[in-house]
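Ready for a few exercises on reading a protein structure? Have a go at each task yourself, then check the steps below it.

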Amino acid sequence: MAPRANWKGFLRLSLVTCPVALYPATSDSEKISFNQLNRQTGHRIKYLKVDADTGDEVPNEDIVKGYQLEKDQFIEVTKEELEEIALESTRTIEIDEFVDRTDIDPRYLIRPYYVRPDGKVGHDAFAVIRETIREMDKVAIGRVVLTNREHIIALEPMDKGLVGTLLRYPYEVRSEQEYFEEIQDVKVTKDMLDLAKHIVNQKAGRFDPEKFEDHYETALVDLINQKRAGKTIRPKERPKGENVVDLMEALRKSVGSAAAEAKVETKAAPKKTAKTPRKAAAGQKEMLMPIAGKKPAKETAAKKPAGRSQRKSA
């Protein structure tokens with residue numbers, strides 16, 4: 001089942017308007033998460049909203065927003081006052097301009113959303129906007145209000161829908177100069193560059209996220225399984241980093257190492273006979289040992305009709 005929409009409103013290009021909904025395109029819900037516990041009792045820690053001076057708990061209806069001018073001096077702002085200054089983009093994504101994808105600095109990208117028509121009407125108008133962006137090979141730039149803040153959103157076609165990526169404002173992006181100005185100007189020789197390029201060519205490929213494994217998440221699952229099984233956890237020896245003394249020699253060794261890795265991968269790669277179903281991510285909670293009294297995930301899955309699978313909602 002698809003997750004609930006984060007936002008519903010209208011997408012508008014000049015006089016062409018259609019109702020749309022925004023859905024989160026990513027999720028962290030499958031990752032291992034921890035609760036804070038009282039070491040003495042094993043009970044969960046509960047957080048209360050209390051008055052900083054009196055220590056009394058404050059109910060939600062008595063909590064208001066305040067902007068701090070100086071110590072112990074605040075200006076209160078009510079919900080009604082914030083709604084009063086809300087812009088038209090509260091309910092409408094107005095497309096302001098079209099730009100090349102390469103014009104968008106990756107530092108400005110925040111997070112992606114799936115955009116689709118909301119309801120049974122407006123599919124024709126949505127298709128016109130989507131295909132216009134696709135044919136022009138551009139990115140549509142608009143504005144949308146989420147959680148009471150106006151964001152810039154970049155819209156691009158994806159299959160039958162759109163992907164809308166929230167963008168940062170210039171004041172949110174730090175200048176690189178204060179971080180890069182102390183980097184020394186180093187002259188890279190042609191020999192070094194040729195060796196480095198050779199390594200790159202040996203490791204060249206196509207980006208496929210299915211090839212990557214979240215090793216930390218896998219280690220967390222293994223740790224939890226070991227503790228549930230009552231095993232003793234012993235610290236592992238950490239590898240020590242070494243300073244590179246001879247850069248050319250390090251590059252030569254890297255070329256040989258990359259060639260050996262490529263040869264091993266070529267031999268180990270199985271022949272593709274049929275399209276296999278997408279395997280579960282290594283960090284998914286289904287990998288954890290089944291809790292006593294509950295049926296293992298594999299046994300439960302075996303009883304489901306063949307050819308159908310369920311994915312956890314993001």
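A salt bridge here is a side-chain nitrogen of Lys or Arg within 4 Å of a carboxyl oxygen of Asp or Glu. Keep in mind that you're working with a predicted model.

**Exercise 1. Salt bridges**

Task: Find how many salt bridges the whole structure has, then work out which residues the salt bridges of Arg143 join into one network.

Solution:
- Step 1. Searching the whole structure gives 11 salt bridges.
- Step 2. Pick out Arg143 and look at Asp96: their side chains form a salt bridge, with N and O 2.9 Å apart. Since Arg143 is in strand β7 and Asp96 is in strand β5 (residues 92–99), this pair ties together parts that are 47 residues apart in sequence.
- Step 3. Now try Glu150. Its closest N and O atoms in the salt bridge with Arg143 are 3.4 Å apart.
- Step 4. Put the two pairs together: through shared partners, Asp96, Arg143 and Glu150 become one network.
- Step 5. Check the surroundings. Relative accessibility is 28% for Arg143, 45% for Asp96 and 23% for Glu150. Partly exposed means between 20% and 50%, so Arg143 is partly exposed, and Asp96 and Glu150 are partly exposed too.

**Exercise 2. Buried or exposed?**

Task: Glu131 and Arg130 meet in a salt bridge; decide whether Arg130 is buried or exposed.

Solution:
- Step 1. The bridge between the two side chains spans 2.7 Å from N to O.
- Step 2. Buried means under 20% relative accessible area. Arg130 has 15%, so Arg130 is buried.
- Step 3. Glu131 has a relative accessible area of 29%, so Glu131 is partly exposed.

**Exercise 3. Positive phi**

Task: Asp72 and Asp137 aren't glycines; say what sign phi has in Asp72 and in Asp137, and where each residue sits.

Solution:
- Step 1. Asp72 has a positive phi, about 65 degrees, and Asp137 has a positive phi of about 55 degrees.
- Step 2. Asp72 sits in the loop between β3 and β4. Asp137 sits in the loop between α2 (123–136) and β7 (139–146).
- Step 3. Exposed means over 50%. With 65% relative accessibility, Asp72 is therefore exposed, and Asp137, with 64%, is exposed as well.

**Exercise 4. Surface patches**

Task: Work out which residues make the patch of negative charge on the surface, and which make a nonpolar patch.

Solution:
- Step 1. Asp72 from the last exercise turns up again: Asp51, Asp53, Asp56 and Asp72 gather in the negative patch.
- Step 2. Take Asp53 as an example. This residue is in the loop between β2 and β3, and it's exposed because its relative accessibility is 76%.
- Step 3. For the nonpolar patch, look at Tyr67, Leu69 and Ile75, which make up about 330 Å² of surface. Ile75 belongs to strand β4 (residues 73–77) and is partly exposed at 43%.

**Exercise 5. A contact in a loop**

Task: Find which backbone atom lies 3.1 Å from a polar side-chain atom of Thr41.

Solution:
- Step 1. Locate Thr41 in the loop between β2 (16–24) and β3 (65–70). Thr41 has 44% relative accessibility, so Thr41 counts as partly exposed.
- Step 2. Look at His43: the atom you want is its backbone nitrogen.

Notes
Residues are numbered from 1 along each chain as its sequence is written. This is a predicted model: local features need pLDDT of at least 70, side-chain atom pairs count only at pLDDT 80 or more; totals for chains, interfaces and linings use all residues. Side-chain values use heavy atoms; hydrogens and water are left out. Helices (H or I, at least four residues) and strands (E, at least two) are DSSP runs, numbered from the N terminus. Buried means under 20% relative accessible area, exposed over 50%, partly exposed in between (1.4 Å probe, protein chains only). A polar contact is a pair of N or O atoms within 3.5 Å; within protein, one must be able to donate a hydrogen and the other to accept it, and residues adjacent in sequence count only if both atoms are side-chain atoms. Patches are made of residues with over 30% relative accessible area and no salt bridge: like charges are joined within 9 Å, nonpolar side chains (Val, Leu, Ile, Met, Phe, Trp, Tyr) within 5 Å. Accessible areas come from the Shrake-Rupley method with a 1.4 Å probe; for residues, only the protein chains shown count as cover. Lys and Arg count as positive and Asp and Glu as negative; His and the chain ends are not counted. The place of a charge is taken as NZ of Lys, CZ of Arg, CG of Asp or CD of Glu.
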